[in-house]
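Colleague: I'd like to go through this one label by label and hear the reasoning behind each. Can you put the structure up?

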Amino acid sequence: MQSGVRTSAVVTSVTDHPIDFHALVDRDINKPARYMGHELGVEPHDWNAATVRWALTYPEIYEVGSSNLGHIILYSILNALPGQLCDRAYLPEADLATRLRDRQQALFAVESRRPLPAFDILGFSLSYELGATNILEMLDLCRVPIRAADRGDLPLNDPAAPPLIFAGGPTATSNPEPYAAFFDFIALGDGEELLPEIGLVVAQAKEGGLRRYELLRDLAQVPGVYVPSLYAIGDDGITIEPLHPELPPRPLRRVATPMPHYAMGLVPHVETVHDRLTVEIRRGCTRGCRFCQPGMLTRPARDVEPEAVIEAVETGMKKTGYSDFSLLSLSCSDYLALPSVGVELRNRLADQNVSLQLPSQRVDRFDEDIAHILGGTRKSGLTFAPEAGTQRLRDIVNKGLTDEDLLHGIRTAMQNGYRKVKLYFMIGLPGELDADVLGIRDTCGMLQERSRDLGRLNLNITISNFTPKPHTPFQWHSVSTQEFQRRQELLRQAFKRLRGVRVNFTDVRLSAMEDFVGRGDRRLAPVIEAAWRAGAGMDAWFESLDRTYDAWTGAISAAGLEGRYRALELGGWSAVTALQRDDLEAFCAQPLPWDHIDTGIDKRWLADDLQRALVAAVVPDCSFAGCSSCGVCGPDLGHNVVVPAPEVPEQIPTQAPPSARICRLRVQFAKTDSMALLSHLDLMRMLERALRRSSLPISFTGGFHPLPRIQIALALPLGAEAHSEWMDLEFTEHLCSDHLCTVLQPLLPAGITLLSASEVPVGSRSLSQEITAAVWCFDLHLADQGSERDSLDWDAAVASITAAQQLIWHDTDKKGRPRHRDCRPSLRRLELLSGSSLKRRRLCLETEVDEMGRSIRPTQIQHWIAEQQGLQLEITALNREALHLA
């Protein structure tokens, strides 16, 4: 995303054809493979046969969005429905966004490669408060009006009708009002059952020839759908009221049962932020932490049956070829079957060199069984969240954790080989005193001191800033940026005297913006739009935070909304404690901008829980104790479903992966078409997963991180096709070369073609040492730089290279020191191929390759000719035709 002022260019119709992908995405685009789609697990769909065409669009870069479990589950469910088609799209980085705008090309979906305006429905995940600017960026790139009111009222079947735009996700469910102007409707809560129902309504509306407004009236009556345009602000300026009597006064959040089977949908070609199989084991949390919005908005708790988890992981690992898997929940440790399921999975996968990761754990439930199941042949890190530094404050926020619980968990981790642990704390929590802030340092020091007999404990501490969230007992709390800054400095000074601790702080500017938007109302739409136009975006990414903060504060100031929402807040904790009970109840009874969203939580219960916080009263977890009467459980949202803890099976020791080197096969292969956009590291990762899925007896390296024994002869530059590459694979058994190709080829994507295979001695020289020469073909052409010269004497240019006594190449070593070498001895052949253009010619280069992998590269030929001719040259259609072996 670029900084500076943005303007929207909107089209009202779209050609219903795929874009020219290779003309748009090439090697000049950063990480182009993230845009090519067609990942493992994608099933082809008939565009013309689909009644309703969805595009689920995640407003983050591909590596983030494609890792989101909810995104993939909903994608998989929609594609399993007859008559429905679902594709995906992600936020492009600045280079592709600029190219799309320059060419007036709409953003496209990654599988069909069709422009997003060609779809019926575009769904956006709104997972954090500041993500709305990324959504506006994507809408602008889609060439769709960013405001719902500007999308007209055409019949749905009209080719000029823009798609329906909706949002889902925790932030959209919590408080959709700041974003209401941008969406046709909001999907509240879980989407597994809701989105198919929406699809049916849209299909019927298209069949009946309904207009956009008529469809929205119908959608608004689907439980879980909120249509902001059909609701208006009441006389008090805050309350949201329906415009028609048939509409629900309070749209209800939807709840669905977790479906772990759909978790194994896709395996990206590129490395993602969560590069593993993820299976949900429990949805919802009933711990009742008073600061935690997800814990309130996902009730009731719903456990997945242990057999379903085991089957999903076992099947998923075979289908995907991942080497890691993760069990997902807001609090994995509250899944009582975790020790049994984890040990059973470790037993079944003991010889497959896989690792288990748990993203969130309760330190008070961390025991020997959980320590055993984590990691594998390699251990991943451990993360716990004490949240507060003193027992008093942990009781105020209802954390339900003691220092002894924390110490016991840390000691158990150290007894099982962990020497580095990550801890999450918050500052600015209601009721916090300086003693509580310094208590974070004291707690860390206590853990180190009381674990010293087990070795040295290194702690990685993250200190975040508490921001009050809607639908929590602290939704009325006030926070202060100046206080955050003071408390951060207090901790910085305190931690200077503690060794073995690394401390990271969340930027207070990010927290201030999240708080302002998260508790806003419809008046914020112009602020969000102005912030986006001023360059705000990727707001959770720290490298853009200065630009983002300036954009947001400028937009807030221009709208005259500085401090506008403070009337909704109680003030500091001392002001709250000074209030009489009746006064506090009266204040909390005032309307809030999000009161019309029925999450199931009773607002009066939230106010009562605030009263309990004032006296530091702890409320037990209602999944395992008595009902807390929060209002969720009932016929609409269901009840807690808790699976009792099964017996933990006997542990089978983890086995080192097989490392015998019995057979080495040398494989010739081609890498063409879209696969040319795949980097060398991503190619290696893809081959590793394909071999895992094949169940062939691949040999692994030893050490801390065993890897399959795969060697590729010489890494290709990004964007280059290749027609005769080589790789060596080693196996623990003798393997027929024909059998290898027969088994492995169907597991590889189009564009990776196995050409031949033959056995070579295991003890022979490495593949890289066998390479003697490389043959390249490529186009060179004059760059359009406004030069007066419009032609080049190609014969003379090539002759100057071949006749040169020296070809000196200047570069730097790994330490940045200048160096140079004469490449002329490596040049075997450089010649012009057929073609008569004065601006463009195709060349063939044959170069020797030494044992270090050094040779002459086409880019060097480009540089030398350009330097001699005084022209700017570009290189395209790059092919490595052959690698010659000794």
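Colleague: Why is E197 called partly exposed?

Modeller: Bear in mind that this is a predicted model. E197 has a relative accessible area of 30%, and the label covers values between the buried limit of 20% and the exposed limit of 50%, so E197 is partly exposed.

Colleague: And what makes R254 and E197 a salt bridge?

Modeller: Their closest N and O atoms are 2.9 Å apart, and the cut-off is 4 Å, so the pair qualifies. R254 sits in the loop between β8 (240-242) and β9, while E197 belongs to helix α7 (residues 194-207), and the two are 57 residues apart. R254 has 12% relative accessibility, so R254 counts as buried.

Colleague: How many salt bridges does that rule give?

Modeller: The count comes to 74. One of them is R666 with D728, where the closest N and O atoms are 2.8 Å apart. R666 lies in strand β18 and D728 in strand β20, so this pair ties together parts 62 residues apart in sequence.

Colleague: How do you know whether R666 and D728 are buried or exposed?

Modeller: Set the values against the 20% limit. R666 is at 9% relative accessibility and counts as buried; D728, with a relative accessible area of 4%, is buried as well.

Colleague: What about R854 and D850, buried or partly exposed?

Modeller: R854 has a relative accessible area of 43%, so R854 is partly exposed. D850 is partly exposed too, with 27%. Their side chains meet in a salt bridge at 2.9 Å, N to O.

Colleague: Which residues are joined into one network by salt bridges that share partners?

Modeller: D190, E192, E280, R283 and R302.

Colleague: On to the sheet with β9. Why do you call β9 and β13 edge strands?

Modeller: The open sheet has three strands in the order β9-β12-β13, with parallel pairing. β9 (277-280) and β13 (355-357) each have a single partner strand, so one side of each is left without a neighbour in the sheet. On average, neighbouring strands here are turned by 25° against each other, direction ignored.

Colleague: How do you know that β9 pairs with β12?

Modeller: Pairing takes at least two bridges, and four join β9 to β12 (residues 324-328), so the two count as paired. As one example, T278 has S326 in β12 as its bridge partner. Helix α10 (residues 306-320) lies across β9 and β12, running at about 165° to β9.

Colleague: Past β13, what makes Q361 buried?

Modeller: Q361 is at 8% relative accessibility, so Q361 counts as buried. It lies in the loop between β13 and α12. Leaving aside neighbours within four places in sequence, the contacts of Q361 include F366, I370, L374 and F384.

Colleague: How do you know that the span of α14 is close to the one expected?

Modeller: Helix α14 (residues 403-415) has 13 residues, and its first and last C-alpha atoms are 18 Å apart, close to the 18 Å expected at 1.5 Å a residue. Its buried residues, among them L406, L407 and I410, pack against α12 (368-373), β14 (382-387), β15 (420-427) and α15 (434-450).

Colleague: Why do you say that the buried residues of α24 are on the same side?

Modeller: In α24 (residues 737-744) the buried ones are S737, L740, C741 and L744. They cover an arc of only 90° around the axis, which puts them on the same side of α24. The face turned away from that side carries D738 and T742, which are exposed. The buried residues pack against β18 (663-671), α23 (680-694), β20 (721-731) and β21 (752-760).

Colleague: Last topic, the backbone. Why would a positive phi get flagged?

Modeller: Because most residues other than glycine have a negative phi. N398, in the loop between α13 (391-396) and α14, has a positive phi near 65°. H471 is not a glycine either, and its phi is about 65°. N398 is buried at 3% relative accessible area, and H471 is buried at 6%.

Colleague: And what makes the bond between R299 and P300 cis?

Modeller: Its omega is about 0°. P300 lies in the loop between α9 (293-297) and β11 (302-303).

Key. Residues are numbered from 1 along each chain as its sequence is written. This is a predicted model: local features need pLDDT of at least 70, side-chain atom pairs count only at pLDDT 80 or more; totals for chains, interfaces and linings use all residues. Side-chain values use heavy atoms; hydrogens and water are left out. Axes are lines fitted to C-alpha atoms, for helices over the stretch in contact, and angles run from 0 to 180 degrees between N-to-C directions. Contact means heavy atoms within 4.5 Å. The expected span of a helix is 1.5 Å times one less than its number of residues. Buried means under 20% relative accessible area, exposed over 50%, partly exposed in between (1.4 Å probe, protein chains only). The arc is that of the directions from the helix axis to the C-beta atoms.
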